[in-house]
Amino acid sequence: MAIIKIPRKLACIFLIFLTILIIQLIISLTFYNISELGDPRSSHPYKTEKSHNHLPSSGENIKKTLSPKSTNGNYSSPCGVLPKDANRAISRAKTAKCKKELTEIACLAKKDELYPKEIPNFCSLEKLPHNSVNLPSSSTLPEPIRIAFILSLNNRSLRQILRLFSRIYDSKHFYLIHVDKRRNYLFHELKEHLKGFSNVYFSKNRMSTIWGGFSFLEMLIESMKELLKLSGWDFVINLSESDYPVKPLRRLEQFLGLYKRYNFVRATSQNLKKFVSKQGLDRTFYQCEDRVWRLGPRTIPRGLKISGGSDWFCLTREFCEYVSHGDDAMLREVRTLFKYSLLASESFFHTVLQNSHFCDSIVDNNLRLVNWKREKGCKCQYKNVVDWCGCSPNDFTSDDWSRIQETSAKPTFFARKFESIIDQTILNKIDHHLINNGTQFLDQNQLSKYWQNEYHDAYDRRHDEKRSFYTILSLMASKMLSLTCERFHNGGEFLELSESLDLYHLLEVTLFFENDKYHGTLIDNEYKLSRTESPFTFEIFARPIVHIQYHQSFENATVQLKVCSDYDSKEEIFRNFGCILNPYTRLAVRHSWTSQSPKNFSITFVWIDSEGTLAGSFDVKVSLKSSFTSPTNLLHSPNFKHPLKPGAWRLLLFYQWRLIVEEKFLIHPLIFKAGVELKESEISSLLGGPANGVYSDHNFTAVEMRLKNILSSSFKLEEESFHEIKTQNELLNWSLNLISKFWTVNDFCSLSKGVPCNYLDLKPCNSTLWSCHHTDSSNLFL
């Protein structure tokens with residue numbers, strides 16, 4: 001028998017192949033290990049219906065599922081190939097807990113065990129009635145109606161909220177306030193301002209109510225449960241900090257007295273198929289890590305009539321009892337469906353109404369006007385918290401006044417959205433013309449002003465970026481007072497960091513607006529001029545200095561620049577009103593163009609850091625319409641590597657390499673990390689710029705060569721090099737010198753009874769018009 005001789009080279013290849021095959025088999029067996037777990041719906045944060053604090057899950061009794069195997073926090077699928085959406089969500093989740101929950105839910109959905117196949121419909125009507133309502137005469141005697149208001153609040157607009165509260169308050173009604181659990185400043189300030197009202201209650205279970213998340217619906221149901229413990233109210237109305245009445249409270253009471261049995265919800269005008277698709281109701285979503293994750297497609301159960309629209313409503317007490325404590329088959333399964341839905345609060349109440357014995361009580365009107373401008377409001381502005389492109393209403397401004405006036409003869413009692421930091425004039429008009437019937441009872445001089453808290457030391461000390469900047473700015477002001485009193489340290493030439501911070505205490509920061517424009521920043525400080533003296537408390541009024549220089553005109557077109565961060569594409573403003581930029585800021589520039597004629601061209605944006613290094617060069621296409629009255633607002637936002645080097649940066653705009661305009665802006669250094677003073681060993685690593693001094697992976701050598709001669713002629717501000725800074729004291733004094741070139745202190749006022757020296761002539765803050773401690777006449781509770 002002949003022996004076949006295998007070549008040595010081929011044998012080696014075969015052995016390598018066999019080895020790889022064995023390794024892959026071992027890995028597969030390791031990753032697809034099977035173990036028994038309980039129902040994942042009882043293991044994640046939103047528990048089953050036995051929990052008092054959460055909406056019930058499905059009645060299905062799922063005993064077993066496959067457990068994903070963890071390797072360094074990454075979860076492989078224990079149930080085969082998952083949808084792409086689920087894989088992306090699991091890979092992006094940060095915590096093992098969230099990854100585990102996402103995997104388990106995705107597996108249940110894949111195995112068709114997450115949702116019921118069919119949901120019963122308990123509405124006995126073949127066709128829903130068209131219940132129309134009308135606004136009663138102002139002379140109609142109101143029925144004895146009592147309203148329970150749910151105020152769900154989620155920002156720092158304390159004054160606007162108190163103004164809203166003063167317009168809807170009456171001792172016979174009830175007020176339940178839910179403040180997002182991430183908003184401790186607002187929660188504690190509101191409790192202090194409203195502590196004397198026996199009919200005002202604060203939610204005991206504060207949640208993170210992120211946009212599109214199930215937690216908003218959960219909050220509403222829990223709020224209803226709390227209110228149902230109180231007897232005597234007839235309707236519940238939910239409002240946010242962005243709502244405002246457009247009629248006196250008495251007119252609302254008159255109206256509801258005529259329609260006691262009706263539930264007021266606004267349904268979409270879209271066809272059902274389009275609505276389901278746009279709302280993402282044909283997909284599974286889940287909230288964890290304060291984000292809503294998309295996990296893949298799903299099928300709506302048979303028998304259920306889906307409905308939805310606005311999540312702002314006016315509901316009867318009887319219906320609230322049903323959705324909060326009901327336990328029939330339809331309600332249980334609808335709760336499960338919407339527990340894993342996007343924007344659940346926009347469809348849950350509508351759907352329950354249509355599929356229950358309350359179906360004859362629906363009025364397609366939620367009693368409010370919403371400012372929808374979809375070309376501006378549908379720009380995926382919530383993509384940082386949800387795997388979906390949703391829409392949000394715009395703020396009303398004075399330009400919308402005619403639309404507000406048109407509601408006077410309609411059953412419309414509220415409107416949204418309003419923001420005093422955007423336009424307070426529209427609220428003043430509503431008060432004057434619609435609520436007070438033209439009566440002048442407010443201080444007209446003060447109505448042009450608005451204040452909103454930006455930082456509070458009791459709640460924001462671990463916000464290193466804000467605390468660093470406002471501390472440096474306040475120390476600059478404190479040094480000015482010290483110099484005035486001729487008791488400054490070391491001849492006024494050098495401040496010891498430890499001594500300065502020991503004698504100084506940053507209290508609170510407030511943004512100041514006047515005539516609907518950001519006017520400056522106010523900072524409350526407590527400062528000792530020496531260790532032996534009592535602290536002196538004062539407020540400063542500071543404003544940024546803009547450094548923009550125009551070099552050449554550009555073909556009958558003009559441009560306005562603003563480098564900042566936190567751009568709101570819906571309102572076309574930067575939410576970072578003082579444009580306070582730090583080494584970890586995502587930079588952006590709004591360039592606004594006007595032209596006599598339509599134009600299409602390219603502009604080169606060149607970013608240069610504080611050391612003169614080219615951070616990036618980008619060609620941006622500009623398309624202009626013919627208008628000198630309506631500028632074209634465009635945004636450019638480079639994705640630089642962090643940290644950015646602190647100091648004075650420059651942005652230069654070129655057209656065909658002719659310098660048109662440049663702006664110099666400040667990247668302020670950090671002096672705190674994790675709430676404590678920056679250590680000297682951390683200075684260079686934390687503030688010395690990105691790795692290898694490179695902000696982008698692109699090669700800009702050719703651009704650097706072209707820019708050599710051009711940059712020598714552009715304007716500069718003289719300053720020390722950051723490379724020379726090695727100690728805390730050097731960092732602080734460099735920062736003080738730097739910030740003085742970009743910010744100015746306009747004025748001071750005193751919060752203490754006396755002044756620290758005879759050289760100071762400070763007015764009391766309560767009589768200083770710009771001060772946040774001056775009386776605010778726009779509401780009755782300050």
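**View 1. Phe-665 counts as buried, at 4% relative accessibility.** Welcome to this structure, which is a predicted model. A good place to start is Phe-665, because its 4% relative accessibility puts it in the buried class, for which the cut-off is under 20%. Trp-607 is buried too, with a relative accessible area of 0%. Both residues belong to one aromatic cluster, formed by Trp-607, Phe-618, Phe-640, Trp-649, Phe-665, Tyr-695 and Phe-700.

**View 2. Two aromatic pairs can be looked at one after the other.** The count for the structure comes to 48 aromatic pairs. One of them is made by Tyr-322 and Phe-358, whose ring centres are 5.6 Å apart, with 40 degrees between the planes, a tilted arrangement. This pair links distant parts of the chain: Tyr-322 sits in helix α9 (residues 317-325) and Phe-358 in the loop between α11 and β12, 36 residues apart. Are Tyr-322 and Phe-358 buried or exposed? Both of them are buried. Now back to Trp-607 and Phe-665: their ring centres lie 5.9 Å apart and their planes meet at 80 degrees, so this pair is edge-to-face. Here, too, distant parts of the chain are linked, with Trp-607 in strand β24 (residues 599-608) and Phe-665 in strand β28, 58 residues apart.

**View 3. Cys-79 and Cys-107 are joined by a disulfide.** A disulfide is a covalent bond between the sulfur atoms of two cysteines. How many disulfides does the structure hold? There are 5. In the one shown here, the sulfur atoms of Cys-79 and Cys-107 are 2.1 Å apart, and the angle of -85 degrees about the S-S bond makes the link left-handed. Cys-79 is found in the loop between β2 (74-75) and α2 (84-92), while Cys-107 is in helix α3 (residues 96-110), so the disulfide ties together parts that are 28 residues apart in sequence. Cys-79 counts as buried because its relative accessibility is 12%, and Cys-107 is buried with a relative accessible area of 1%.

**View 4. Another disulfide joins Cys-123 to Cys-359.** The distance from S to S is 2.1 Å, and the link is right-handed, with 80 degrees about the S-S bond. What does this pair tie together? Cys-123 lies in the loop between α3 and β3 (147-153), and Cys-359 in the loop between α11 (348-354) and β12 (362-364), so parts that are 236 residues apart in sequence are held to each other. Cys-123 has 14% relative accessibility and therefore counts as buried. Cys-359 is also buried, with a relative accessible area of 4%.

**View 5. Cys-749 and Cys-765 make a disulfide as well.** Their sulfur atoms are 2.0 Å apart, and 95 degrees about the S-S bond gives a right-handed link. Cys-749 is in strand β31 (residues 743-750) and Cys-765 in the segment after β31, so-called distant parts of the chain, 16 residues apart. Both Cys-749 and Cys-765 are buried.

**View 6. Cys-314 and Cys-320 have no bond between their sulfurs.** Why is there no bond here? The closest cysteine sulfur to that of Cys-314 belongs to Cys-320, and it is 9.1 Å away, too far for a bond. Cys-314 is buried, with a relative accessible area of 0%. Cys-320, for its part, is in no disulfide, and its nearest cysteine sulfur is that of Cys-314. At 0% relative accessibility, Cys-320 counts as buried.

**View 7. Helix α20 is largely enclosed by the rest of the structure.** This helix covers residues 728-739. At 1.5 Å a residue, its 12 residues should span 16 Å, and the end C-alpha atoms are indeed 16 Å apart, which agrees. Of those 12 residues, 9 are buried, so α20 is largely enclosed. Among the buried ones are Asn-729, Trp-734, Ser-735 and Ile-739.

**View 8. The second largest pocket is lined by 44 residues.** It contains about 1,300 Å³ of space. Which residues lie nearest its centre? They are Lys-517, Lys-562, Glu-572, Ile-573 and Arg-590. Several strands each supply at least two residues of the lining, including β17 (517-527), β18 (536-544), β20 (557-564) and β28 (658-667). By class, the lining has 21 nonpolar, 8 polar and 15 charged residues.

Conventions. Residues are numbered from 1 along each chain as its sequence is written. This is a predicted model: local features need pLDDT of at least 70, side-chain atom pairs count only at pLDDT 80 or more; totals for chains, interfaces and linings use all residues. Side-chain values use heavy atoms; hydrogens and water are left out. On a 1 Å grid over the protein atoms alone, a cavity is a set of points where a 1.4 Å probe fits but cannot get out, and a pocket is an open set with protein on both sides within 12 Å along at least five of seven lines; lining residues have an atom within 4 Å of a point. Grid points are joined across faces, edges and corners, and a volume is the space filled by probe spheres set on the points. Helices (H or I, at least four residues) and strands (E, at least two) are DSSP runs, numbered from the N terminus. Ala, Val, Leu, Ile, Met, Phe, Trp, Tyr, Cys and Pro count as nonpolar, Asp, Glu, Lys and Arg as charged, and the others, Gly among them, as polar. A disulfide is a pair of cysteine sulfur atoms within 2.5 Å. Buried means under 20% relative accessible area, exposed over 50%, partly exposed in between (1.4 Å probe, protein chains only). The expected span of a helix is 1.5 Å times one less than its number of residues. Rings of Phe, Tyr and Trp (its six-membered ring) pair if their centres lie within 6.5 Å; planes under 30 degrees apart count as stacked, over 60 as edge-to-face and the rest as tilted.
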